[in-house]
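Reader: I'd like to go through the labels in this model and hear what stands behind them. Can we take them one at a time?

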Amino acid sequence: ALRRVERSTLRDQLEMRVALEAEAARLAARRRDGDDLDAMHAALAARGAAGQNLPLRIQHDRDFHQAMIAAAHNRALAELYRYFSEAVARTIARTEYDDSLPEPGQQGFMVLLAAMERGDADAAERQVRAMLAPALAALEES
């Protein structure tokens, strides 16, 4: 029963991430500046370089998400995301460590960053949803 509760809590947290991050990606695609893009590129390169070092990869994953939120240039969204940051961190760690939950790969992040870089808000939002959909679907089945 505990496992079921844990997984439903994780599902709730992932759904919350979709809501916040999809909108952040839309806004970031419209508002990001050179510094924002540099920060996202640096975090993504570091995430890729971390390879199978999970604690390091998780940290750089978090850094990327924080940079994306900052790139939205919306203080209220940033405050809300900061409030939920521990829950977000838990979902990242759980999807990285739990083999039954698909974690977005480096390629997915690169597609997301490219959409934000070219200012394509619709594609950025779609990509966030696509990246989190497999883990959500796995949680729905369990």
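Author: Sure, let's start in a loop: His73 counts as partly exposed, because its relative accessibility is 43% and that label covers values between buried (under 20% relative accessible area) and exposed (over 50%), with a 1.4 Å probe and protein chains only. This is a predicted model, where local features need pLDDT of at least 70, side-chain atom pairs count only at pLDDT 80 or more, and totals for chains, interfaces and linings use all residues. Residues are numbered from 1 along each chain as its sequence is written, and side-chain values use heavy atoms, with hydrogens and water left out.

Reader: Where does His73 lie, and what is its phi?

Author: His73 sits in the loop between H3 and helix H4 (75-83). Its phi is positive, about 50 degrees, although His73 is not a glycine. Most residues other than glycine have a negative phi.

Reader: Why are H3 and H5 called oblique to each other?

Author: Helix H3 (residues 54-71) and helix H5 (residues 85-97) pack at about 135 degrees, with axes 10 Å apart. Under 35 degrees would be roughly parallel, over 145 roughly antiparallel and 65 to 115 roughly perpendicular, with the rest oblique. H3 and H5 are therefore oblique.

Reader: What makes Ile58 count as buried?

Author: Its relative accessibility is 10%, so Ile58 counts as buried. Ile58 lies in helix H3 and touches Ile92, Ala93, Glu96 and Tyr97, not counting residues up to four places away in sequence; contact here means heavy atoms within 4.5 Å. The C-alpha atoms of Ile58 and Ile92 are separated by 6.7 Å.

Terms used
Axes are lines fitted to C-alpha atoms, for helices over the stretch in contact, and angles run from 0 to 180 degrees between N-to-C directions. Helices (H or I, at least four residues) and strands (E, at least two) are DSSP runs, numbered from the N terminus.
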